[in-house]
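Open the model in your viewer and keep the selection box ready. Each stop says what to pick and what is there.

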Amino acid sequence: MQPWQQLGAAIGVGLLFGITNPLSRIGGVQASRRSQRSAGFTGTVAAYLSTPLFAVSQVLGIAGSVASAKLLGSAPLSLAVPATNGASLVSNTACDWLMSEPMNLRLVLPGVALVVAGIALCST
């Protein structure tokens, strides 16, 4: 795999991880409401697993973990880890913003720019 392909794969894994957090949070709230009507542990587990947004976010998280393990086996750690973590932070922030989460853009935008600069620095 070429270095630019490794970088692209790391950013893809980071994007996958980044979108799972907001989806898990919203799905967890929905599942929690459903589980209040359920009895016992198995009812609670069933309520969470039958909530589509929560279940999809968990499947995406597991797929991201598998892709991350595969990437770490083929790419240098100095490239894969910073690019994956940085892309995860940026995509998590973007997802939160798209879902209308309150945030201070004067603090967020410089942070996103620093993350992108850090990924560029680590990839050269």
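At what angle do α1 and helix α2 (residues 40-49) pack, and how far apart are their axes? Select both helices to see: the angle is about 140 degrees, and the axes are 8 Å apart. Angles over 145 degrees would count as roughly antiparallel; α1 and α2 are therefore oblique to each other. Look at the handedness too. α1 and α2 cross in a right-handed way.

**The whole chain**

Now zoom out. This is a predicted model. Colour the protein chain by secondary structure: five helices and zero strands appear. Follow the chain along the sequence, and the pattern reads α-α-α-α-α. Turn the view to compare the principal axes. The C-alpha trace spans about 55 × 40 × 15 Å along them. Next, colour by accessibility. The protein chain has 124 residues, and 28% of them are buried.

**Helix α1 against helix α3**

Select residues 3-35 for helix α1 and residues 52-74 for helix α3. Two numbers describe such a pair: the angle between the axes of two packed helices and the distance between those axes. For α1 and α3, the angle is about 155 degrees and the axes lie 7 Å apart. Which way do they run relative to each other? An angle of that size makes α1 roughly antiparallel to α3. Check the crossing as well: α1 passes α3 in a left-handed one. Then show the residues in the contact of α1 with α3. By class, 15 are nonpolar, 13 are polar and one is charged.

**Ser35, in helix α1**

Stay on helix α1 and select Ser35, which has its place there. Is Ser35 buried or exposed? Ser35 counts as buried, at 12% relative accessibility. Add Ser32 to the selection. A polar atom of the Ser35 side chain lies 3.0 Å from the backbone oxygen of Ser32.

**An aromatic pair**

Move on to the rings. The count of aromatic pairs comes to one. Select Tyr48 and Phe54 to find the pair. How are the two rings of Tyr48 and Phe54 arranged? They are edge-to-face, with 75 degrees between the planes. The distance is 5.1 Å centre to centre. Compare the surroundings of the two partners. Tyr48 is partly exposed, with a relative accessible area of 24%. Phe54 is buried, at 16%. The cut-off for buried is under 20%, so Phe54 falls below it at 16% and Tyr48 does not at 24%.

**Ser100, in a loop**

Where is Ser100? Go to the loop between α4 (77-98) and α5 (105-123) and select Ser100 there. Look at its backbone. Ser100 is not a glycine, yet its phi is positive, at about 65 degrees. Switch on the surface: Ser100 is exposed, with a relative accessible area of 64%.

**Leu109, in helix α5**

For the last stop, step into helix α5 and select Leu109. This residue is exposed, with a relative accessible area of 52%. Now add Val90. How far is Leu109 from Val90, in sequence and in space? They are 19 residues apart in sequence. Draw a line from C-alpha to C-alpha, and the separation of Leu109 and Val90 in space is 9.7 Å.

Notes. Residues numbered from 1 in each chain as written. Predicted model: local features only at pLDDT ≥ 70, side-chain atom pairs only at ≥ 80, totals over all residues. Heavy atoms only, no water. Axes fitted to C-alpha atoms, helices over the stretch in contact; angles between N-to-C directions. Helix = DSSP H or I, 4+ residues; strand = E, 2+ residues; numbered from the N terminus. Parallel < 35°, antiparallel > 145°, perpendicular 65-115°, else oblique. Left-handed = near helix turned anticlockwise from the far one by under 90°. Nonpolar A, V, L, I, M, F, W, Y, C, P; charged D, E, K, R; others polar. Phe/Tyr/Trp six-rings, centres within 6.5 Å; stacked < 30°, edge-to-face > 60°. Buried < 20%, exposed > 50% of the residue type's maximum accessible area, 1.4 Å probe, protein only. Polar contact = N/O pair within 3.5 Å; in protein donor to acceptor, adjacent residues only side chain to side chain.
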